[in-house]
Amino acid sequence: MAVFNKYYIGVDIGGTNVKCGIVDDGGKILYKQSIKTESDRGYKEVVQDIAKLVQEVVETSNIPLKKIEWLGVGCPGICNKDTGIVEVSNNLNWHNVPLLTDLAKLTGFPVHIDNDANAAAYGEFIAGAAKGTSSAIIITLGTGVGSGIILNKKMYSGMNYAGGEIGHMVIEADGAECTCGRKGCFEAYSSATGLIRMTKEALEKDRGSKMHELVELNGKISARTAWNAAKLEDKSGKEVVEKFIKYLACGITNVINIFQPDIVCIGGGVCGEGDNLLKPLKKIVNAEVFSKNSNKKTDLAICKLGNDAGIIGAAMLGKLE
């Protein structure tokens, strides 16, 4: 069993919860804890709570302070790694807040910050499905479509740290409206939100679909409704699932054509469908990707770390600098 002499603190700030953990040099979480974000209280209250959480995690873990190298933080929004300022975070209603400086003062640790999707992507790169690769694209299918781009073992975030927003490339001109204000974004079709919208549309058209029974049974329409109906051989359920996979394949194919990474990893609740999702997705991508006749092809896999990716990736951010 490996024994590590260096440890790192990872903080994953979300709109609902803040998660914190101690991570060893192998990318394993030794101890973790979480608190409610309650961002409506304002930045100062939240950052004080994060510092207290860090202190509690360190004390409970029994790791000597001298063995902890740094604190890494993944935060939603545009995080300027040069200044340490979160320039804007719509999820938290933060604007130009000095997160790095404040946490360094409050905790006493060197601090590194990045966007939360980038941190989660780096977690998969360090210890998950993309481990051992040089270039990887990680796409998370949740309420929106989060993504991180790692090229030649370096995180790519553009000249203004707002790059890597794969969810906001248009895959259907003049299509469904996206939360960003554009129409036809990848996020509007390949997120759980997009899947639910397409399910609702199918329900309105087909009053005899088994999806109506499933909605009544579960009390709501969810991202699982169409999948569960498809397994019952429901025609409309199958059509929704096929449409979802088609749009997802379109976005992934575009990404592969642009970057030609070693691997594209997808995560999020819908990935619990396993091969029911992955097999037809690979079939479409492999048939449509520009590099289909190349001897070297991009692998397509499901993420392995789940909700721990953000903590692990945040903890390892210092390795990128």
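This passage looks at two helices, a buried tryptophan and a few residues with positive phi.

The structure is a predicted model, in which local features need pLDDT of at least 70 and side-chain atom pairs count only at pLDDT 80 or more, while totals for chains, interfaces and linings use all residues. Residues are numbered from 1 along each chain as its sequence is written, and side-chain values use heavy atoms, with hydrogens and water left out.

Helix α2 covers residues 99-107; helices (H or I, at least four residues) and strands (E, at least two) are DSSP runs numbered from the N terminus. Its buried residues are Leu 99, Asp 102, Leu 103 and Thr 107, where buried means under 20% relative accessible area, exposed over 50% and partly exposed in between (1.4 Å probe, protein chains only). Seen down the axis of α2, these residues fall within an arc of 110°, so they line one face of the helix; the arc is that of the directions from the helix axis to the C-beta atoms. As a helpful reminder, an α-helix has 3.6 residues a turn, so residues three or four places apart point the same way. The buried residues of α2 pack against α1 (43-61) and against the strands β1 (7-13), β4 (68-75), β6 (85-89), β7 (94-97) and β8 (111-115). After α2 comes Gly 108, with a positive phi near 85°.

Strand β7 contains Trp 94, which counts as buried because its relative accessibility is 2%. Contact being defined as heavy atoms within 4.5 Å, Trp 94 touches Ile 13, Tyr 43, Val 46, Cys 75, Val 86, Glu 87, Val 88, Ser 89 and Leu 99, with residues up to four places away in sequence not counted. The C-alpha atoms of Trp 94 and Ser 39 are separated by 8.8 Å, although the two residues are 55 residues apart along the chain.

Positive phi values also occur at residues other than glycine. Glu 38, in the loop between β3 (29-36) and α1, has phi near 50° and is partly exposed at 44% relative accessibility. Asn 62, in the loop between α1 and β4, has phi of about 65° and is exposed at 65%.

Helix α8 has 25 residues (235-259), and its end C-alpha atoms are 36 Å apart, which agrees with the expected span of 36 Å, taken as 1.5 Å times one less than the number of residues. At the start of α8, a side-chain oxygen of Asp 234 reaches to within 3.4 Å of the backbone nitrogen of Ser 236. Gln 260 follows α8 and has a positive phi near 45°.

Methods: Polar contact = N/O pair within 3.5 Å; in protein donor to acceptor, adjacent residues only side chain to side chain.
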